[in-house]
Amino acid sequence: MSIDRDTAARVAKLARIRVEEDALPALAGEFNTILGFIEQLNEVDVEGVEPMTSVTPMRLKRRDDVVNDGNQQEKVLSNAPDAREGFFAVPKVVE
């Protein structure tokens, strides 16, 4: 697969990255280099290799799953445009 100048411009637009017209050929070249690396990875035999989540084996710290209210009602409601009686007040949407 090869990325041309127009495709690079489209990708930049979708990513909301401003790229000058004269920089588009270089960007297309960088995309093609990245795709070349990905094609090389597709050639690697991974038969029998288990997927891993990290390069080093580690166990995440666990904590008890305890339900609580967070004790931050005032902080949370301070962001609300309209709060009444400890809750978010929202406009009526069903008539």
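How many salt bridges does the structure hold? In this predicted model, the count comes to three.

Start with Arg-5, a residue that turns up in two of the pairings described here. One partner is Asp-6, whose side chain meets that of Arg-5 in a salt bridge with an N to O distance of 3.5 Å. The other partner is Glu-21, and here the closest N and O atoms are 2.3 Å apart. This second pair links distant parts of the chain: Arg-5 belongs to helix H1 (5-14), while Glu-21 lies in the loop between helix H1 and helix H2 (24-42), with 16 residues separating the two.

How open to the surroundings are these side chains? Asp-6 has 53% relative accessibility, so Asp-6 counts as exposed. Glu-21 is exposed as well, because its relative accessible area is 52%, and the cut-off for that label is over 50%. Arg-5 sits in the class in between: its relative accessibility is 36%, which means that Arg-5 counts as partly exposed.

The remaining salt bridge is found further along the chain, between Arg-84 and Asp-82. The closest N and O atoms of this pair lie 2.8 Å apart. Arg-84 is the exposed member, with a relative accessible area of 53%, whereas Asp-82, at 29% relative accessibility, counts as partly exposed. As for how the bridges connect, Arg-5, Asp-6 and Glu-21 are joined into one network by salt bridges that share partners.

Now for the nonpolar side of things. In soluble globular proteins, nonpolar side chains tend to be buried together. In this model, the largest nonpolar core is made of six residues, namely Ile-3, Ala-8, Ala-12, Leu-24, Leu-27 and Ala-28. Helices H1 and H2 each supply at least two residues of this core. The largest share comes from H2, with three residues.

Which residues does Ile-3 touch, leaving aside its neighbours within four places in sequence? Two of its contacts, Ala-8 and Ala-28, are themselves listed in the core. Ile-3 is also in contact with Phe-31, Asn-32 and Leu-35.

Put together, helix H1 features in both parts of the picture: Arg-5 of H1 pairs with Glu-21 in the loop between H1 and H2, and H1 joins H2 in supplying residues to the largest nonpolar core.

Terms used. Residues numbered from 1 in each chain as written. Predicted model: local features only at pLDDT ≥ 70, side-chain atom pairs only at ≥ 80, totals over all residues. Heavy atoms only, no water. Salt bridge = Lys/Arg side-chain N within 4 Å of Asp/Glu carboxyl O. Buried < 20%, exposed > 50% of the residue type's maximum accessible area, 1.4 Å probe, protein only. Helix = DSSP H or I, 4+ residues; strand = E, 2+ residues; numbered from the N terminus. Core = buried A, V, L, I, M, F, W, Y, C linked by side-chain atoms within 4.5 Å. Contact = heavy atoms within 4.5 Å.
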